[in-house]
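This report is for a reader who has not seen this structure before. Please keep the sequence and the 3D view at hand while reading.

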Amino acid sequence: MSEPSYFQDKRTIECRLTNKERRQLQHEMKIHLEKYFKGLIGKAADYTKVIIWDDTVIIQGEGFLTEPEKFVARGTRGGNLVKQTRMQVAQQFAKDNVPYFEEKLGANCIHQTFDVEANKDFWIHVMVFDQLLIEIK
């Protein structure tokens, strides 16, 4: 008899967060992100949103580029240059902060992806965890 797959098994695991706890944790994570980016690059995003849903955490930010980066991103090749440098920042962010998210959520990150759209001054980081994070009703 084979073991149940991840997708069959995860629904039986007790959820970690109620809706109220989820909203509070989303806010705490947003504050953590803002402090992290201000400390690392001297500027946080103008708008940051953290969404915890099912077994996923989605982080999105807008307005994170500095004025020189915005100027460079307007050029034909500049958008790709700014994207490449900011993707390095995103990789460092993931390296530094995935353990923070795992600890806060009591779950392990099993997959993640991130992207930067320099021309739109937008970034996103998506993490999938090994169990349900919220109570779905």
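Gly106 comes just after helix α4 and takes a positive phi of about 65°. The model is a predicted one. Helix α4 itself covers residues 78–105, which is 28 residues. From its first C-alpha to its last it reaches 38 Å, close to the 40 Å expected at 1.5 Å a residue. The helix has a bend of about 40° at Asn97, and Pro99 follows within four residues of that point.

The chain as a whole has 4 helices and 4 strands. Along the sequence they are arranged in the pattern α-α-β-β-α-α-β-β. Of the 137 residues in the chain, 39% are buried. When contacts between residues at least 6 apart in sequence are considered, 61% of them join residues at least 24 apart.

In soluble globular proteins, nonpolar side chains tend to be buried together. Here the largest nonpolar core contains 33 residues, and the members that touch the most others are Ile52, Val57, Ile59, Leu105 and Phe129. The elements giving two or more residues to this core include those in the table.

| Element | Residues |
|---|---|
| α2 | 19–41 |
| β1 | 47–53 |
| β2 | 56–62 |
| β3 | 109–117 |
| β4 | 122–129 |

Helix α4 also belongs to this group, and α4 gives the most to the core, with 9 residues.

How do the axes of α2 and α4 cross, and within what distance do they come? They come within 11 Å and cross at roughly 140°. The crossing in which α2 passes α4 is right-handed. On the α2 side, the residues making the contact include Leu25, Met29, Leu33, Phe37 and Ile41. On the α4 side they include Val89, Phe93, Tyr100 and Leu105. Asn97, where α4 bends, is also one of the α4 residues in this contact.

The last topic is a residue outside the helices and strands. Asp121 lies in the loop between β3 and β4. Is Asp121 buried or exposed? Its relative accessible area is 13%, so Asp121 counts as buried, the cut-off being under 20%. Leaving aside neighbours within four places in sequence, Asp121 is in contact with Gly61, Glu62, Gly63, Phe64, Leu65 and Lys70. Gly61 and Glu62 fall within the residue range of β2, 56–62. Asp121 and Gly79 are 42 residues apart in sequence, and their C-alpha atoms are 9.9 Å apart in space.

Methods:
Residues numbered from 1 in each chain as written. Predicted model: local features only at pLDDT ≥ 70, side-chain atom pairs only at ≥ 80, totals over all residues. Heavy atoms only, no water. Expected span 1.5 Å × (residues − 1). Bend = angle between axes of the 7 residues up to and from the residue. Core = buried A, V, L, I, M, F, W, Y, C linked by side-chain atoms within 4.5 Å. Buried < 20%, exposed > 50% of the residue type's maximum accessible area, 1.4 Å probe, protein only. Axes fitted to C-alpha atoms, helices over the stretch in contact; angles between N-to-C directions. Left-handed = near helix turned anticlockwise from the far one by under 90°. Contact = heavy atoms within 4.5 Å.
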